[in-house]
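This report introduces a structure to a reader who meets it here for the first time. Please look over the sequence and the model before reading on.

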Amino acid sequence: MKVKVAINGYGTIGKRVADAVSLQDDMEVVGVTKTKPDFEARMGAKKYSLYAAIPDRMEVFEKAGIEVKGTVEDLLERADVVVDCSPGKVGAENKPLYERAGLRAVFQGGEKASVAETSFSALANYDDAVGKNFVRVVSCNTTGLARVLAILRDMYSIKKVRATMIRRVVDPKEDRKGLQNGIMPDPVRLPSHHAEDVKTVLPDVNIVTTAFKVPTTLMHLHSIAVETDDEVRTEDVIARFQDEPRIMLFSKEEGFTSTARIVEFAREYRLRYDLFENAVWMESINFHDGELYITQAIHQEAIVVPENIDAIRAMFELADKRESVRKTNKTLGII
Ligand SMILES: NC(=O)c1ccc[n+]([C@@H]2O[C@H](COP(=O)([O-])OP(=O)(O)OC[C@H]3O[C@@H](n4cnc5c(N)ncnc54)[C@H](OP(=O)(O)O)[C@@H]3O)[C@@H](O)[C@H]2O)c1
């Protein structure tokens with residue numbers, strides 16, 4: 001029996017989660033939703049069964065010649081779990097709908113942590129989601145930080161983490177907002193909220209974060225300094241990262257001089273140039289005066305996709321952490 005998954009919100013994250021669910025042998029997509037009858041809705045209707053996220057908009061789709069199978073409520077009736085991929089904060093508004101339908105739900109990082117029983121990042125706290133009804137997959141930046149810190153936490157005694165995030169201003173498809181020529185402290189008031197978000201999945205890690213936005217759409221970049229009680233051998237960290245499929249090492253030696261080059265590689269490597277892995281610069285891994293330095297890039301559109309799959313498996317107790325991560329990695333080509 002496959003777990004029936006509804007995707008509420010077929011945008012940047014929703015379309016990727018839908019495709020990833022379709023690749024699993026223990027779950028299937030029963031439908032996706034949109035509010036607007038645009039090109040993404042047309043694509044969604046071609047690939048999956050499309051439903052109207054706002055019930056009284058059915059007519060708009062019909063007028064545009066896009067087939068809709070019903071309303072979101074009709075879709076929820078057919079599902080065992082809904083992955084809410086609506087815009088930030090809308091997930092919390094949708095939650096009563098899921099509760100009324102008696103459905104489990106996975107929320108995204110644009111929601112407050114309080115929307116769910118637990119926040120989730122597979123390598124950090126898989127077991128916290130086991131058997132839960134409401135789980136929130138943390139944001140792209142937090143997922144990127146949590147993966148690296150979960151690995152290092154198991155290797156060393158961490159005193160303090162300082163991380164600076166240089167964030168892409170918008171996603172590539174967003175043409176209505178942006179930042180053309182400037183560097184924006186965001187938030188201006190420091191430290192940033194990202195550290196608190198990391199603590200929702202790694203409560204014992206002492207971390208402080210700052211964040212800025214720059215005019216790029218491709219990836220985020222993180223500069224991480226991890227103060228340790230132990231002496232760190234960089235070769236041990238590199239070896240452990242090489243062993244971890246959700247981390248991919250890149251080298252300046254091979255021409256990876258910026259996020260542009262990582263994306264150029266990813267364009268050949270995977271559909272939609274989705275890099276589900278943390279892209280860590282090998283040469284950046286360095287231990288100096290008690291601190292381990294790491295620079296990584298995060299493909300914001302893709303990084304949370306494997307975690308959404310693992311969250312569903314944990315909630316339905318379909319597999320333990322090791323098995324779920326192994327299956328997700330295999331099906332998504334994360335090697
Ligand atoms: N993009 C990223 O980099 C990223 C990374 C990690 C996490 N996240 C989080 O993932 C979530 C989704 O972000 P996104 O970037 O995928 O947004 P998006 O591209 O704007 O997609 C949002 C989707 O939700 C639909 N929608 C709008 N109102 C809705 C409603 N009331 N109920 C259900 N669906 C509704 C939209 O349909 P219409 O277009 O038809 O209105 C659209 O398909 C957010 O919480 C965000 O913070 C985003």
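The text below describes the ligand surroundings and then the strand pairing around one strand.

The model is predicted: local features need pLDDT of at least 70, side-chain atom pairs count only at pLDDT 80 or more, and totals for chains, interfaces and linings use all residues. Residues are numbered from 1 along each chain as its sequence is written.

**Ligand surroundings**

The ligand is surrounded by 28 residues (C-beta atom, placed from the backbone, within 6 Å of it). The closest are G9, G11, S86, Q108 and G110. Two or more residues of this shell come from each of α1 (12-22), β2 (27-34) and α5 (90-100); helices (H or I, at least four residues) and strands (E, at least two) are DSSP runs, numbered from the N terminus. The largest share, 3 residues, belongs to α1. By class, the shell holds 8 nonpolar, 15 polar and 5 charged residues. Here Ala, Val, Leu, Ile, Met, Phe, Trp, Tyr, Cys and Pro count as nonpolar, Asp, Glu, Lys and Arg as charged, and the others, Gly among them, as polar.

**Strand pairing**

Two strands pair if DSSP finds at least two bridges between them. The table lists pairings of β15 (residues 291-298).

| Strand paired with β15 | Sense | Bridges |
|---|---|---|
| β11 (residues 220-228) | antiparallel | 8 bridges |
| β13 (residues 278-281) | antiparallel | 2 bridges |
| β14 (residues 286-288) | antiparallel | 3 bridges |

Within β15, A297 is the bridge partner of L221, and A297 also stands opposite A279. E291 of β15 is the bridge partner of H288. The hairpin of β14 and β15 has 2 residues between the strands, and D289 in this hairpin takes a positive phi near 50°.
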